[in-house]
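User: Hi! I have a structure to share and would like to talk through its details with you, one question at a time.
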Amino acid sequence: MEIDAVKAARVRVLALDVDGVLTDNGIWIGPIAGERVELKRFDIQDGLGLVLLRTAGIPVIWLSGRRSEATAMRAEELQVDELLQVPGPRKLEALGELCERRRVAWEEIAYVGDDLADLQVMRRVGLPIAVANAVPEIRAVADCVSTAMGGHGAVREVVESLLKARGVWPEMLERYFTERAKRDA
Ligand SMILES: [Mg+2]
């Protein structure tokens, strides 16, 4: 996937849908000791991608239309800048509020989505990206489509393409290793 360098340079926030983008859209639901338990599977390579993006100073927002403790736990673990879980068709409104709060223009947002709930947002943002498993309506409005599937490295691919298009990929890798070495010392 190749992202336009001009559009990539404008990005100030990366916003991600969760189910189908950071996961393969599956949810494990069942009872454990009489309690309802919900589990999701996240991709470790996506996680490292988001760390690299933070190193580059681009905040990461997760925007989900479904409340889930599994999502909240993974977002916290990755120190995602903001997790917005907004049930119902409120994604556009929630992202609009975020734009005002962070003083970011719609054109400065890159958004990754997979399903119809993302359509309005994809039409508004400056850099709409679809994952390989996105529905046709979402692919149709996307600037580019990832080769990898949601939950299987799609977000890592987006981050890498974005940082490469901005010309900072090698520098971010270098910084990641230096900071890690400092931390481990
Ligand atoms: Mg989704």
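User: Which residues of strand 1 are buried on one side and which on the other?

Analyst: Happy to help, and please keep in mind that this is a predicted model. In a regular strand the side chains alternate between the two faces of the sheet. Strand 1 covers residues 13–16, and both of its faces are covered. On one side the buried residues are Val13 and Ala15, and on the other they are Leu14 and Leu16.

User: In what order do the 6 strands of the open sheet come?

Analyst: Strands of a sheet pair through backbone hydrogen bonds, either parallel or antiparallel. In this open sheet the pairing is parallel. The order of the strands is 5-4-1-6-7-8.

User: Which strands stand at the edges of that sheet?

Analyst: The sheet runs in the order 5-4-1-6-7-8. An edge strand here has a single partner strand, so one side of it is left without a neighbour in the sheet. The strands in that position are strand 5 (82–85) and strand 8 (144–145).

User: How many bridges join strand 1 to strand 4, and which residue of strand 4 stands opposite Leu14?

Analyst: Strand 1 and strand 4 run parallel, with 3 bridges joining them. Leu14 is one of the buried residues of strand 1. Its opposite residue in strand 4 is Val60.

User: And over how many bridges do strand 1 and strand 6 pair, and which residue of strand 6 faces Ala15?

Analyst: Strand 1 and strand 6 (residues 109–113) pair in the parallel sense over 4 bridges. Ala15, another buried residue of strand 1, has its opposite number in strand 6. That residue is Tyr111.

User: Which residues coordinate the magnesium ion, and what spacing do the donors follow along the chain?

Analyst: The magnesium ion is held by Asp17 (OD), Asp19 (O) and Asp114 (OD), at 2.0 to 2.2 Å. Note that Asp19 is listed with its O atom, while Asp17 and Asp114 are listed with OD. Along the chain, the donors follow the spacing D-x1-D-x94-D.

User: Are Asp17 and Asp19 buried or exposed?

Analyst: The cut-off for buried is under 20% relative accessible area. Asp17 has 5%, and Asp19 has 13%. Because these values are under that cut-off, Asp17 is buried and Asp19 is buried.

User: How are the rings of Phe42 and Trp62 arranged?

Analyst: The structure holds 2 aromatic pairs. In the pair of Phe42 and Trp62, the ring centres are 5.9 Å apart and the planes stand at 20 degrees. Planes under 30 degrees apart count as stacked, so the pair of Phe42 and Trp62 is stacked.

User: Which parts of the chain does the pair of Phe42 and Trp62 tie together?

Analyst: The partners are 20 residues apart in sequence. Phe42 counts as buried at 16% relative accessibility, and Trp62 counts as buried at 0%. The parts tied together are the loop between strand 3 (35–39) and helix 2 (44–55), home of Phe42, and strand 4 (residues 60–64), home of Trp62.

User: What volume does the largest cavity have, and which residues line it?

Analyst: Rolling a probe the size of a water molecule over the atoms shows where empty space is left. The structure holds 1 cavity of 30 Å³ or more, with a volume of about 30 Å³. By class, its lining has 4 nonpolar, 1 polar and 3 charged residues. The lining residues are Leu22, Phe42, Asp43, Asp46, Gly47, Trp62, Arg74 and Leu78.

User: Which residue in the turn between strand 2 and strand 3 has a positive phi?

Analyst: Strand 2 and strand 3 pair in the antiparallel sense over 5 bridges, with Gly30 opposite Val37. They form a hairpin with 2 residues between them. The turn residue with a positive phi of about 50 degrees is not a glycine, and at 80% relative accessibility this residue counts as exposed. The residue is Ala33.

User: What value is phi of Asn25 near, and where does Asn25 lie?

Analyst: Asn25 is a residue other than glycine with a positive phi, near 80 degrees. At 40% relative accessibility, Asn25 counts as partly exposed. Asn25 lies in the loop between strand 1 and strand 2 (28–32).

Terms used
Residues are numbered from 1 along each chain as its sequence is written. This is a predicted model: local features need pLDDT of at least 70, side-chain atom pairs count only at pLDDT 80 or more; totals for chains, interfaces and linings use all residues. Side-chain values use heavy atoms; hydrogens and water are left out. Donors are N, O and S atoms within 2.8 Å of the metal (3.2 Å for Na, K and Ca); water is not among the atoms, so sites may look incomplete. Buried means under 20% relative accessible area, exposed over 50%, partly exposed in between (1.4 Å probe, protein chains only). On a 1 Å grid over the protein atoms alone, a cavity is a set of points where a 1.4 Å probe fits but cannot get out, and a pocket is an open set with protein on both sides within 12 Å along at least five of seven lines; lining residues have an atom within 4 Å of a point. Grid points are joined across faces, edges and corners, and a volume is the space filled by probe spheres set on the points. Ala, Val, Leu, Ile, Met, Phe, Trp, Tyr, Cys and Pro count as nonpolar, Asp, Glu, Lys and Arg as charged, and the others, Gly among them, as polar. Rings of Phe, Tyr and Trp (its six-membered ring) pair if their centres lie within 6.5 Å; planes under 30 degrees apart count as stacked, over 60 as edge-to-face and the rest as tilted. Two strands pair if DSSP finds at least two bridges between them.
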